[in-house]
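User: Hi, I have a chain open on my screen and would like to go through it with you. Could you take my questions one at a time?

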Amino acid sequence: MSTNTTASVEPVRFDTKIAVLLREDLEPWQRLNVTAFLVSGLGTVVPEVIGEPYEDADGVGYLPMFRQPVLVFEGTKETLAAAHARVLSRALPRAVFTGDLFATGNDRDNRAAVRAVPTAELDLVGLAVYGPRNAVDKVVKGARMHP
């Protein structure tokens, strides 16, 4: 006899969303690299996005991961600029990746490269955002799902 309840097989719906918006003209390796960098900060600032650690049948432990999917979008440079303005106006947790970061080789230089450019002049190639579903949807409005 199965001990599963209806609640345990129902899909989990989150009232929050994690979204990454990438500039459409990035090379495939850049898309992967930028996405990884952008989402890496969310768990440190918003710990509730992290689930429980994993363990396989042999008892080998694995690191916890996000508790919910990360939706990846793409758009033009203008789409990123508009999304950036919207995320700032909503004061949502966010991360940015600029074109300048492809030329740096370490965290200190990455932060210095972003710090050197005024907000309105950032050469955005990626943006990550976390927050209520409807607010995140408004931030990424105009972008399309990454293929």
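User: Let me start with one residue: is Ala116 buried or exposed?
Analyst: Before anything else, please keep in mind that this is a predicted model. In this model Ala116 is exposed, because its relative accessible area is 61%, and exposed is the word used for values over 50%.

User: And where along the chain does Ala116 lie?
Analyst: Ala116 is part of the loop that runs between helix 5 and strand 6. If you want a distance to check on your screen, the C-alpha atoms of Ala116 and Pro93 are separated by 21 Å, and these two residues are 23 apart along the chain.

User: Let me step back, then. How many helices and strands does the chain have?
Analyst: There are six helices and seven strands, and when you follow the chain from the N terminus, their order is α-β-α-α-β-β-β-α-β-α-β-α-β.

User: What box do the C-alpha atoms fill, and what share of the residues is buried?
Analyst: Taken along the principal axes, the box is roughly 60 × 35 × 30 Å. The chain has 147 residues, and 35% of them count as buried. As for its outside, the accessible surface comes to about 9100 Å², and carbon and sulfur atoms account for 57% of that.

User: What about contacts between residues that are not neighbours in sequence?
Analyst: If you take the contacts between residues at least 6 apart in sequence, 75% of them join residues at least 24 apart.

User: Changing topic to charges: how many positive and negative side chains are there?
Analyst: The chain carries 16 positive and 18 negative side chains, and the centres of these two sets lie 9 Å apart. Side chains of opposite charge can pair when their charged atoms come close. Across the whole structure, a search finds nine salt bridges.

User: Which residue meets Lys77 in a salt bridge?
Analyst: That is Asp123, and the N to O distance between the two side chains is 3.9 Å. Lys77 lies in helix 4 (residues 77–90), whereas Asp123 sits in the loop between helix 5 (107–115) and strand 6 (124–132), so the pair ties together parts that are 46 residues apart in sequence. Lys77 is partly exposed at 48% relative accessibility, and Asp123 is partly exposed too, with a relative accessible area of 27%.

User: Which residues are linked with Lys77 and Asp123 in a network of salt bridges?
Analyst: The network also takes in Arg23 and Asp25, so that Arg23, Asp25, Lys77 and Asp123 are linked by salt bridges.

User: Which residue forms a salt bridge with Asp107?
Analyst: Asp107 pairs with Arg111, and their closest N and O atoms are 3.1 Å apart. Both residues lie in helix 5, four residues apart, which is about one turn of the helix. Arg111 is partly exposed, with a relative accessible area of 44%.

User: And what does Arg108 do?
Analyst: The side chain of Arg108 meets that of Asp109 in a salt bridge, at 3.8 Å from N to O. Arg108 counts as exposed at 57% relative accessibility, while Asp109, at 32%, is partly exposed.

User: Last one: which residues make the nonpolar surface patch?
Analyst: Tyr54, Val60, Tyr62 and Met65 make a nonpolar patch of about 400 Å² on the surface. One of them, Val60, is found in the loop between strand 2 (54–55) and strand 3 (61–62), and Val60 is partly exposed, with a relative accessible area of 40%.

Notes. Residues are numbered from 1 along each chain as its sequence is written. This is a predicted model: local features need pLDDT of at least 70, side-chain atom pairs count only at pLDDT 80 or more; totals for chains, interfaces and linings use all residues. Side-chain values use heavy atoms; hydrogens and water are left out. Patches are made of residues with over 30% relative accessible area and no salt bridge: like charges are joined within 9 Å, nonpolar side chains (Val, Leu, Ile, Met, Phe, Trp, Tyr) within 5 Å. Accessible areas come from the Shrake-Rupley method with a 1.4 Å probe; for residues, only the protein chains shown count as cover. A salt bridge is a side-chain nitrogen of Lys or Arg within 4 Å of a carboxyl oxygen of Asp or Glu. Helices (H or I, at least four residues) and strands (E, at least two) are DSSP runs, numbered from the N terminus. Buried means under 20% relative accessible area, exposed over 50%, partly exposed in between (1.4 Å probe, protein chains only). Contact means heavy atoms within 4.5 Å. Lys and Arg count as positive and Asp and Glu as negative; His and the chain ends are not counted. The place of a charge is taken as NZ of Lys, CZ of Arg, CG of Asp or CD of Glu.
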